[in-house]
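These are my notebook entries on a structure that I went through chain by chain. I record what I looked up and what I found.

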Amino acid sequence: MATSSSDSPALLDIAEVSKSFGSVEVLRSVSLKVAKGEVVTVIGPSGSGKTTLLRCVNFLESYDSGSIRIDGREVGFRDGGARQRRSEHDLAAMRAETGMVFQSFNLFPHLTAAGNIMLGLTKVRGKSKSEARAIAEHWLGRVGLAHKADSLPAELSGGQQQRVGIARAVAMEPKILLLDEITSALDPELVGEVLAVVRSLAEDGMTMVMVTHEMAFARDASSRIVFMADGGVSAVGPPKEVLAAETTNERLRSFLARFRASQF
Amino acid sequence: MGYTLNFNLIWRHFDKLWGGLLLSLELAVISIAIGIVIGLVLAVWYVSAGRVVRGVIAAYVEFIRNVPLILLVYLVFYGLPTVIDVAYSAQTSFVATLALYSGAYLVEVFRSGLEAVPRGQIDAGKAIGLTPWQRLIHVRLPTMMRITLPALSNTFISLFKDTSVASVISVPELTYGAQWINFNTFRIVEVYLVVTAMYLVTGYALLFALRLVERWYRTAR
């Protein structure tokens with residue numbers, strides 16, 4: 001796994017990002033750098049801003065201040081400091097550089113597994129149908145669903161749908177993959193098959209930022225873990241440090257205690 | 001009562017009814033085709049527009065929905081040509097009226113369908129880099145179609161029945177054919193029994209066919 005040093009050039013650079021929903025401050029000056037090839041896991045109690053942070057990275061949510069850069073380019077606002085929202089067309093182009101996998105899969109119900117993957121490839125990447133189909137089949141093979149290429153989402157199990165969701169995201173060859181609690185909506189026996197896919201992507205060197213409640217997986221697969229509480233980064237470091245039982249961080253300790261009781 | 005049913009005169013003039021039925025179907029099909037275009041354009045416009053446009057579209061919908069169809073037919077056929085200098089046949093006038101009428105209902109159908117497209121699907125479309133227009137064409141409309149197809153079928157069938165209103169301006173559709181036979185043979189019970197059966201059978205056949213289309217659309221790939 002890649003280095004976790006914070007002075008290597010950052011692929012993703014989140015700097016002092018703040019955001020409020022009305023009077024509720026969901027992100028408080030969050031800063032985080034992610035280097036190419038890193039797998040960064042964001043943990044924390046619900047309502048701590050994890051998902052919102054992830055959704056800001058591909059500008060599904062806007063933010064009030066701070067900046068988020070991918071490869072040096074500001075994601076949602078025009079370059080040049082004026083804090084002018086990018087045009088919808090530019091936003092679409094920027095979002096194509098990040099992939100996202102959702103908690104509730106969000107497959108397009110009218111398209112087959114292959115069709116879901118092909119849509120972005122043909123409409124956004126401009127590939128021909130046959131090229132796109134070949135790429136879709138390649139990725140469906142990678143996630144173990146080559147035989148389900150022509151199935152509709154409704155005909156797939158949750159775990160299968162989520163693996164299509166991952167294939168749809170990575171087929172676009174994004175610079176960063178964002179995973180938003182991708183196993184939370186799955187039956188326990190289906191979690192393993194999805195995490196196995198994520199693990200193999202990590203081994204390929206895919207840069208990932210993931211929000212998860214799977215502590216054991218976070219410990220094994222992450223280069224770094226970020227603990228968020230009350231909209232801010234409360235602790236960050238290698239899994240062994242952050243998940244250590246003897247941490248002095250009070251919020252983190254009580255958060256981990258809940259998981260130790262059930263999972264460790 | 002010395003009334004005995006005699007259908008012979010009805011069968012002798014059956015071409016009037018058959019031709020009327022075909023015209024009724026034609027009127028319904030053309031009207032809903034135009035109505036779908038009106039409904040789609042206005043619904044898409046509505047959900048992305050500001051308050052003024054929304055107000056204008058809502059006013060159109062409210063006006064049509066609260067005025068009896070027969071009155072709209074009179075207004076367009078007799079009223080409009082006296083105000084502005086246009087000339088059109090009764091049939092054209094009726095199709096225009098029925099298109100505007102179904103359009104108003106379909107704006108509501110499509111609008112609620114568009115609003116029922118799950119947020120997550122739109123997010124997924126954004127996340128792979130689709131532009132707003134691409135999201136509309138490839139994500140929102142296909143999902144909206146699935147949601148609204150049953151309501152669309154129902155609108156079409158009720159529109160087919162509404163074509164009977166065209167008889168008031170002498171468009172020779174099914175009900176007009178029935179009136180013609182009645183006036184010429186005085187077989188009022190027989191002719192309206194036959195015509196009722198024709199509306200019923202056609203309505204059920206349409207319903208059955210449209211349910212097949214819906215099922216095909218749900219599983220099409």
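**Entry 1. The annotated domain of chain B**

I began with residues 21–210 of chain B, whose end C-alpha atoms lie 18 Å apart. I noted that this span is 84% helix and 0% strand. The range was taken from UniProt, where an unreviewed entry lists it as "domain: ABC transmembrane type-1". I note here that the model is a predicted one.

**Entry 2. The annotated transmembrane regions**

I next looked up the feature "transmembrane region", which UniProt (unreviewed entry) places at residues 20–47, 59–80, 86–107 and 191–213 of chain B. I checked two of these ranges against the coordinates. Residues 20–47 of chain B are 100% helix and 0% strand, with end C-alpha atoms 39 Å apart. Residues 191–213 of chain B are likewise 100% helix and 0% strand, and their end C-alpha atoms are separated by 33 Å.

**Entry 3. Chain B as a whole**

I then asked how many helices and strands chain B contains. The secondary structure comes to nine helices and zero strands, so that I could write the order of elements from the N terminus as α-α-α-α-α-α-α-α-α. I recorded the extent of the C-alpha trace of chain B along its principal axes as about 75 × 45 × 30 Å. Of the 221 residues in chain B, 35% are buried. I also looked at contacts in chain B with a separation of 6 or more, and found that 77% of them join residues 24 or more positions apart.

**Entry 4. Helices α6 and α7 of chain B**

I examined the packing of α6(B), residues 119–127, on α7(B), residues 132–162. Their axes are 10 Å apart and meet at an angle of about 160 degrees. Because this angle is over 145 degrees, α6(B) is roughly antiparallel to α7(B). The crossing of α6(B) past α7(B) is right-handed. From α6(B), I listed B:Q121, B:I122, B:G125 and B:K126 as the residues in the contact; from α7(B), I listed B:R135, B:V139, B:R140 and B:T143. By class, this contact has two nonpolar, three polar and three charged residues.

**Entry 5. Where chain B touches chain A**

I turned to the interface and found 18 residues of chain B in contact with 24 residues of chain A. Which elements of chain B give two or more residues to this side? They are α6 and α7 of chain B. The largest share, seven residues, comes from α7(B). I classed the residues on the side of chain B that touches chain A as seven nonpolar, seven polar and four charged.

**Entry 6. Two loop residues of chain B**

I looked up B:A116, which is found in the loop between α5 (90–115) and α6 of chain B. Is B:A116 buried or exposed? I counted it as exposed, because it has 12 C-beta neighbours inside 10 Å and a residue with 12 or fewer is classed that way. I also noted the separation of B:A116 from B:A33: the two are 83 residues apart along the chain, and their C-alpha atoms are 23 Å apart.

The second residue was B:S170, in the loop between α7 and α8 (174–185) of chain B. B:S170 is not a glycine, yet its phi is positive, at about 60 degrees. With 13 C-beta neighbours inside 10 Å, B:S170 counts as partly exposed.

**Entry 7. Chain A: a helix pair and a loop residue**

In chain A, I examined α3(A), residues 113–123, against α5(A), residues 158–170. I recorded an angle of about 25 degrees and axes 8 Å apart. Because the angle is under 35 degrees, α3(A) is roughly parallel to α5(A). This crossing is right-handed. The contact is made by A:A113, A:N116 and A:I117 of α3(A) with A:V164, A:A167 and A:R168 of α5(A). By class, I entered four nonpolar, one polar and one charged.

I closed with A:E181, located in the loop between β7 (176–180) and α6 (188–203) of chain A. Its phi is near 45 degrees, a positive value in a residue other than glycine. I counted A:E181 as buried because it has 20 C-beta neighbours inside 10 Å.

Notes:
Residues numbered from 1 in each chain as written. Chains lettered and ligands numbered in written order. Predicted model: local features only at pLDDT ≥ 70, side-chain atom pairs only at ≥ 80, totals over all residues. Axes fitted to C-alpha atoms, helices over the stretch in contact; angles between N-to-C directions. Helix = DSSP H or I, 4+ residues; strand = E, 2+ residues; numbered from the N terminus. Parallel < 35°, antiparallel > 145°, perpendicular 65-115°, else oblique. Left-handed = near helix turned anticlockwise from the far one by under 90°. Contact = placed C-beta atoms within 7 Å. Nonpolar A, V, L, I, M, F, W, Y, C, P; charged D, E, K, R; others polar. UniProt positions renumbered as here; feature names shortened; annotations may be inferred.
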